[in-house]
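Good morning, colleagues. Please bring up the sequence and the structure on your screens, and I shall take you through several of the local features.

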Amino acid sequence: MLKSKIVKPLMLAGAAGLLFAAPAHAQLESALAVAKSSTQASAASQRQVEDADDAADTAAREYRAVLQQTDNIALFVAQQDIYLQSQKSEIQSLNRQLGTVEQIKQGMSPMMLRMAVALEDSINSDLPFNMAERQARLADVKAVLSDPDVSPAEQYRRVLNAYKIEVSYGQGIDSYEGVHPTRPGNVVNFIRFGRTSLVYVTKDETEVAKYNLATKSWDVLGGADALAMRQAIRIAKGEAAPAIVYAPVITN
């Protein structure tokens, strides 16, 4: 009986606790749901902020790249303008030069004729070496200058080439075989010291002579000069070791 009395108040108290605990739990669940929702919203907002920041950085880099590209294009255009102005100046210069071509052509023909005459005078008054070759070259120059089908540029090139070859004769020593100057039936060895001296030595080395430019004749050499020229011929033909040789020079 006593046990029954005690149980009833306890059951009443438990029921009352259940009655008060149910609303609190609901409030707690609601609060937790609100907190969770708020956290999720905050995370989403943070992601949006970060995405916006990344987008802003990307846009800034692209903007700087566009600015750099714009500067490069502007520099390229400026360089092209300079190049264009240079080309225009060159074209104007060429047009002016083309306008004087006829005048130059008219002045070149007399000049080249004078050069040919001077070349002929130089050959005829020079030491008589390689005369056949030099006269043939001179004849070729005259033929070119009298040919209207040959351009002035080619005529000028041929004249200059003849001059260059003549100039080269004065810059070295040359040895060659040729016809005896006074006895055409005999072959002798010539040795030329630039344009300073021209000497011949007969094959048997019994006769050595140098050309006298003043008298246009050959002076026979003897003694040390003859020996030196014989040695020079041997050196030139590879029959003796190289050595210093002295050219006989005519002094007036």
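Asparagine 130 is buried, because its relative accessible area is 18%, under the 20% limit for that class. In this predicted model, asparagine 130 sits in the loop between H2 and H3. Its phi is near 45 degrees, which is a positive value in a residue other than glycine.

A second residue of this kind is lysine 216, whose phi is positive, at about 55 degrees, although lysine 216 is not a glycine. Its place is the loop between S4 and strand S5, the latter covering residues 217-220. Is lysine 216 buried or partly exposed? With a relative accessible area of 44%, lysine 216 is partly exposed.

Let me return to the two helices on either side of asparagine 130. Helix H2 covers residues 101-124, and its axis comes within 11 Å of that of H3, the two crossing at roughly 165 degrees. H2 is therefore roughly antiparallel to H3, since angles over 145 degrees are assigned to that class. The crossing of H2 past H3 is left-handed. Which residues make the contact? On the side of H2 they are Met112, Leu113, Ala116, Leu119, Glu120, Ile123 and Asn124. On the side of H3 they are Met131, Arg134, Gln135, Leu138, Val141, Lys142 and Leu145. By character, the residues of this contact of H2 with H3 comprise nine nonpolar, two polar and three charged.

One residue of that contact, Arg134, leads to the next topic, the salt bridges. How many salt bridges does the count give? The count comes to 13, and I shall discuss some of them.

Arginine 134 forms a salt bridge with glutamate 166, and the closest N and O atoms of the pair are 2.9 Å apart. This pair links distant parts of the chain: arginine 134 belongs to helix H3, residues 131-145, and glutamate 166 to helix H4, residues 152-169, with their positions 32 residues apart. Both partners fall in the buried class: glutamate 166 has a relative accessibility of 6%, and arginine 134 has one of 0%. The pair also takes part in a wider arrangement, as Asp126, Arg134, Glu166 and Arg195 are linked in a network of salt bridges.

Helix H4 also holds a salt bridge between arginine 157 and glutamate 154, which lie three residues apart, about one turn of the helix. Their side chains meet at 2.8 Å, N to O. Arginine 157 counts as partly exposed, at 46% relative accessibility. Glutamate 154 is likewise partly exposed, at 25%.

The last pair is glutamate 177 and lysine 203, a salt bridge in which the closest N and O atoms are 2.4 Å apart. Here again distant parts of the chain are linked, the two residues being 26 residues apart. Glutamate 177 is in strand S1, residues 173-179, whereas lysine 203 is in the loop between strand S3, residues 197-202, and strand S4, residues 208-212. Is glutamate 177 buried or exposed? Glutamate 177 counts as exposed, because its relative accessibility is 53% and the class begins over 50%. Its partner, lysine 203, is partly exposed at 42%.

To close, I would ask you to keep two items in view: the left-handed crossing of H2 past H3, and the network of salt bridges that links Asp126, Arg134, Glu166 and Arg195. Thank you for your attention.

Technical notes. Residues numbered from 1 in each chain as written. Predicted model: local features only at pLDDT ≥ 70, side-chain atom pairs only at ≥ 80, totals over all residues. Heavy atoms only, no water. Salt bridge = Lys/Arg side-chain N within 4 Å of Asp/Glu carboxyl O. Helix = DSSP H or I, 4+ residues; strand = E, 2+ residues; numbered from the N terminus. Buried < 20%, exposed > 50% of the residue type's maximum accessible area, 1.4 Å probe, protein only. Axes fitted to C-alpha atoms, helices over the stretch in contact; angles between N-to-C directions. Parallel < 35°, antiparallel > 145°, perpendicular 65-115°, else oblique. Left-handed = near helix turned anticlockwise from the far one by under 90°. Contact = heavy atoms within 4.5 Å. Nonpolar A, V, L, I, M, F, W, Y, C, P; charged D, E, K, R; others polar.
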